[in-house]
Amino acid sequence: MEYTVNGLARLAGVSVRTLHWYDEIGLLRPARVTEAGYRMYGPDEVDALQSILFYRALGVPLKQIGALMADASAGRLAALQSHRAALLCRRAQLDALLATLDKTILTEEGKCAMTDAEKFEGFKQKLVAENEAEYGAEARGKYGDTAVDASNARLMGLSPEQYGEMQKLSAQINAALAAAVRAGEAPDGPEGRRIAGLHKQWLCFTWPKYTPKAHLGLAEMYVADERFTAYYDAETPGCAAFLRDAVAAFTGC
């Protein structure tokens, strides 16, 4: 069955302008264009649009979707399985936050008591689920299931004070990185090594065992993986590369 651009827009619940834009940027081309200039979409394009909308629902940028769609090596089934795993993680995040919120409301109403640790349980579970959805496959492939599971367990076992310190240290590292890059500091200089040392402290909140080699391997991933780079370079470009080079100098690997 074929659809015109208007028909496909109605079917998928998107605007005609959106489909025109996807065509313009090469994300979703029509199967053919009639002599009258009408775009026509067939079964392959319907499946492709479904995949695009799954990616969009997960917050993946259009540019990254294009790269993922261009790499057809994994196949549609593997992509759908990946979508499902990511959505399950998203649901787990919301369930954890809702459980924490519900218990907080009951506590405020005087119907139950809530420990300080329980007040932060949902946020820690959300962080674990987000990390699994975004980086879990790569981390497990690089470090193994045992190491990743142990790291997640350590995160869930942090006290409210430890969790707060971890979050504060993360913000401190990001601010120091941005300042160092803007000031033109050398990654292997005193400030670069100080930042790398702070990064080591941050890792040790969740790493059961720290090794310089693993530290450098993670820092290299910050540059090799565009998702990590986008996080560190969000406000000041060059932070991810600075951190990698600072960790290399710090560890001596």
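Here are a few notes on this predicted model, going from the overall chain to one helix and one pocket.

1. Overall make-up. The protein chain folds into 13 helices and 3 strands. Of its 253 residues, 35% are buried.

2. Dimensions. Along the principal axes, the C-alpha trace covers about 65 × 55 × 35 Å. The radius of gyration comes out at 23 Å, whereas a compact globule of 253 residues would sit near 18 Å. Worth keeping in mind when you look at the overall picture.

3. Contacts along the sequence. Take the contacts between residues at least 6 apart in sequence: 61% of them join residues at least 24 apart.

4. Helix α11. This helix runs over residues 212–224. With 13 residues at 1.5 Å a residue, α11 should span 18 Å, and its end C-alpha atoms are indeed 18 Å apart, so the expected and modelled lengths agree. Its buried residues are A214, H215, L216, G217, L218, A219, M221 and Y222.

5. The second largest pocket. This one holds about 150 Å³ of space. Its lining is made up of N174, A175, A178, Y231, Y232, A234, E235, T236 and C239. By type, that lining splits into 6 nonpolar, 2 polar and 1 charged residue.

6. Where does the largest share of that lining come from? It comes from α9, with 3 residues. Helices α9 (160–183) and α12 (226–232) each give at least two residues to the lining of the second largest pocket.

Notes: Residues numbered from 1 in each chain as written. Predicted model: local features only at pLDDT ≥ 70, side-chain atom pairs only at ≥ 80, totals over all residues. Heavy atoms only, no water. 1 Å grid on protein atoms, 1.4 Å probe; cavity = no way out; pocket = protein on both sides within 12 Å on 5 of 7 lines; lining within 4 Å. Points joined across faces, edges and corners; volume = space filled by probe spheres on them. Helix = DSSP H or I, 4+ residues; strand = E, 2+ residues; numbered from the N terminus. Nonpolar A, V, L, I, M, F, W, Y, C, P; charged D, E, K, R; others polar. Expected span 1.5 Å × (residues − 1). Buried < 20%, exposed > 50% of the residue type's maximum accessible area, 1.4 Å probe, protein only. Rg over C-alpha atoms; globule rule 2.2 N^0.38 Å. Contact = heavy atoms within 4.5 Å.
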